[in-house]
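Subject: Handover of a structure and notes on its contents

Dear colleague,

Please find below the structure that I am handing over to you. My notes on what was found in it follow directly after.

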Amino acid sequence: MKPWLLSAVLLFAVACRGYGQTLSLQTFSSGGTSGSPLFTTIGQPITSSSAAGSNGNLEAGFAPSLTAFSSNFPPSITYTAETGFIQQGTKLTVTVTDADGISKVTLFRRPITAATFDSVAMTAATGNSYESTIQGSHFDELGIEYFFKALDNTGKRSSKLDASGKYFQRFKDAEGAAVPPTAFNIGTKSSDYKIISIPYTLQVPGIGSQFNELGEQTDEVYRLATYAGNSKWNEFPSPALNVFERGKGYWFLTTKTDATLFLEGESTPQNYRGNLFQITLQPEWNQIGNPYPVAINWSDVIDYNDNPNLGTLKTFNGGYADGNELKPYEGGFVRNSGTAPITITIPFKGQTTAGGRTSSKTFATELDAPSWMLRLRLSNGQISNAVSAIGMHPDASTGRDLYDDLYPPRFADLPELKFNRTEDNDLPLSKDLVPTQDTFTWSFALDATDDEDVRLEWDNAHFGSNDIELYLFDEAKLQLVDMRIFSSHRLSKDGNYKIYYGENIRNEIRPIRAGIANPYPNPGNTLHGVNIPYAVPEGGEHNVQLMIIDTQGRQVRNLLSAHRQPGLYEPSWDARDDRDQPCSAGLYLIQLTISSGSEQKQFYSRVILK
């Protein structure tokens, strides 16, 4: 007996746990004999029940495989992927066979953007068919992803994926898709613009064809543009902008109040977790759009790609702001800080790189935290800008790094705070984070397109119960603002400002010049009094006199006659005269006299009492 045949017989002897038993084997084809079932009695030579004339021996060259025996077969699953769109009530059907009988057939399914599958036992239908009906909750705006498993009566299992070993997908019908009214604004002002995107594949991508409900494009009906790089814009209609592209963002505004923007010839993108959309970002700023009809998180994009040149997302809704979620049909700006284009992959929500790594930076608002950040918002009444911030982080560097940020492309009359570092005067920062330290001073200026004052706002509600001070110093007004007490300050175009951070920092602030600032509140009254900020410059101790004078030049109140060291001061006048009598309503002058040796300087301001 051949060694391999002996091994096979012994294996079956063990499997059957018996001696002298007769086994019926599957039908084999060997040499010139076919279709003869084989029989054997354990311990005896294998014989066949072939036709008369056979000598009963297996012919030379026959090499049976152990997988040919029925007790070693897993269930066989046959599935031909259906075509067409997934919808409520769609049935998925498979054929499952096994000589030992089927115990259970299971459908594993999930919406295409979901992270996990749920499972449901399929129902036996006619013959060897099993089926399961799909409900609306089983798929999303992209469709459904699924595979099958079967279990036979002996505990053997098998799975059914597609020919390449991946899950099956059925996509949703996109017919009737339209740009939702929430994705755009109706108006005429710069602040009414929004950044939109088209998340479907279009058979006819022409912008004029897709927006034909709006009629012929004129600036009085609608405007649509996209960023072209280097502070330039392409506006429709033009040779540079006449078709929509998935993954791009577009400025859009219309005055048509009954605008309904139905898409034509749209089809659901064939993307799933194993086949994600990709966007190529050019160096510097790129106007991008959500390529999916489902929401995405930009923090997932950053984590998935792990590219140090990929920046955060800037959105626009009445003004720029740092963003994370992009809903369908929405877009924003992203910066590639490298010098070469990069191609990034856009994952679905919660989908990160292998291992589920998350690298997004988090910051506290308490001023004594190792990493903290304070967001600063600018508003000129028409448009706002909320991407500015200061803060600290242990891993930040003294130079510009990934913890800092720049402004997106200038849009309309958007005001900007510009933090200037000596080495980066050509690229002023919108967000300036420095290494964690005990004290620090930020310097910045306001860049605005008009002469109107701009309001700077911040949230001081969660600075924490610590001894850290934060002061804003307006050099032009010589005004020191305690940012723990106040939450806003009006800035002037081209003014210079500083923010001081640290313990007992107020006494260390030294103005570069002498002067008197505008009193506040102004107009004032006897109930609240008037604060009068003034500055004593460097150069040692000075003689300081502060007087209130009426319009006739007569002294009303001598507020101060004393020696003062260099610094900022803010005495209060209670609107009373030298006799402690309330002053009448009207205009009063404030005279500051600073002298040192033979040098004397006088400064004036005005206040109105009501």
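**The second largest pocket**

The second largest pocket has a volume of about 690 Å³. Please bear in mind throughout that this is a predicted model.

The lining of this pocket is made up of 30 residues, and those nearest its centre are Y227, E284, W285, N286 and P409. Four elements each give two or more residues to the lining: β18, β23 (277–281), β24 (284–289) and β33 (416–419). Which of the elements gives the most to the lining? That element is β24, with five residues. Sorted by class, the lining residues are 14 nonpolar, nine polar and seven charged.

**The hairpin of β18 and β19**

Strand β18, named above as part of the pocket lining, covers residues 222–229 and runs antiparallel to strand β19 (residues 232–235), with four bridges joining the two. Within this pairing, G229 stands opposite K232 of β19. The hairpin has two residues between its strands, and N230 takes a positive phi near 55 degrees there.

A salt bridge is also found between these strands: the side chains of R223 and E235 meet at 2.7 Å, N to O. Because R223 belongs to strand β18 and E235 to strand β19, the pair ties together parts that are twelve residues apart in sequence. Both partners can be placed by their accessibility: E235 is partly exposed, at a relative accessible area of 27%, and R223 is likewise partly exposed, at 31%.

**Other salt bridges**

Side chains of opposite charge can pair when their charged atoms come close. How many salt bridges does a search of the whole structure find? The search finds 27. Beyond the pair in the hairpin, the following may be of interest to you.

- R410 and E416 meet through their side chains in a salt bridge of 3.7 Å, N to O. R410 counts as partly exposed, with 28% relative accessibility, whereas E416 is buried, with a relative accessible area of 4%.
- R554 and D550 form a salt bridge between their side chains at 2.9 Å, N to O. Here R554 is exposed, at a relative accessible area of 53%, while D550 counts as buried, at 12%.
- Five residues, K314, D322, R375, D405 and K431, are linked in a network of salt bridges.

**A sheet of four strands**

The last item concerns an open sheet of four strands. Their order is β45-β44-β48-β49, and the pairing is antiparallel. Which strands form the edges of this sheet? They are β45 (555–564) and β49 (599–609), each of which pairs on one side only. From one strand to the next, the twist averages 15 degrees.

Within the sheet, strand β44 (residues 542–549) pairs with the edge strand β45 over eight bridges, in the antiparallel sense. One position in this pairing can be looked up directly: M547 stands opposite N558 in β45.

**Points to look at together**

When you open the model, you may wish to begin with β18, since this strand appears under two of the headings above. It gives two or more residues to the lining of the second largest pocket, and it is joined to β19 by four bridges. From there, the salt bridge of E235 and R223 can be followed across the hairpin, and the sheet that contains β44 and β45 can be viewed separately.

Yours sincerely

Notes
Residues are numbered from 1 along each chain as its sequence is written. This is a predicted model: local features need pLDDT of at least 70, side-chain atom pairs count only at pLDDT 80 or more; totals for chains, interfaces and linings use all residues. Side-chain values use heavy atoms; hydrogens and water are left out. Two strands pair if DSSP finds at least two bridges between them. Axes are lines fitted to C-alpha atoms, for helices over the stretch in contact, and angles run from 0 to 180 degrees between N-to-C directions. On a 1 Å grid over the protein atoms alone, a cavity is a set of points where a 1.4 Å probe fits but cannot get out, and a pocket is an open set with protein on both sides within 12 Å along at least five of seven lines; lining residues have an atom within 4 Å of a point. Grid points are joined across faces, edges and corners, and a volume is the space filled by probe spheres set on the points. Ala, Val, Leu, Ile, Met, Phe, Trp, Tyr, Cys and Pro count as nonpolar, Asp, Glu, Lys and Arg as charged, and the others, Gly among them, as polar. A salt bridge is a side-chain nitrogen of Lys or Arg within 4 Å of a carboxyl oxygen of Asp or Glu. Buried means under 20% relative accessible area, exposed over 50%, partly exposed in between (1.4 Å probe, protein chains only).
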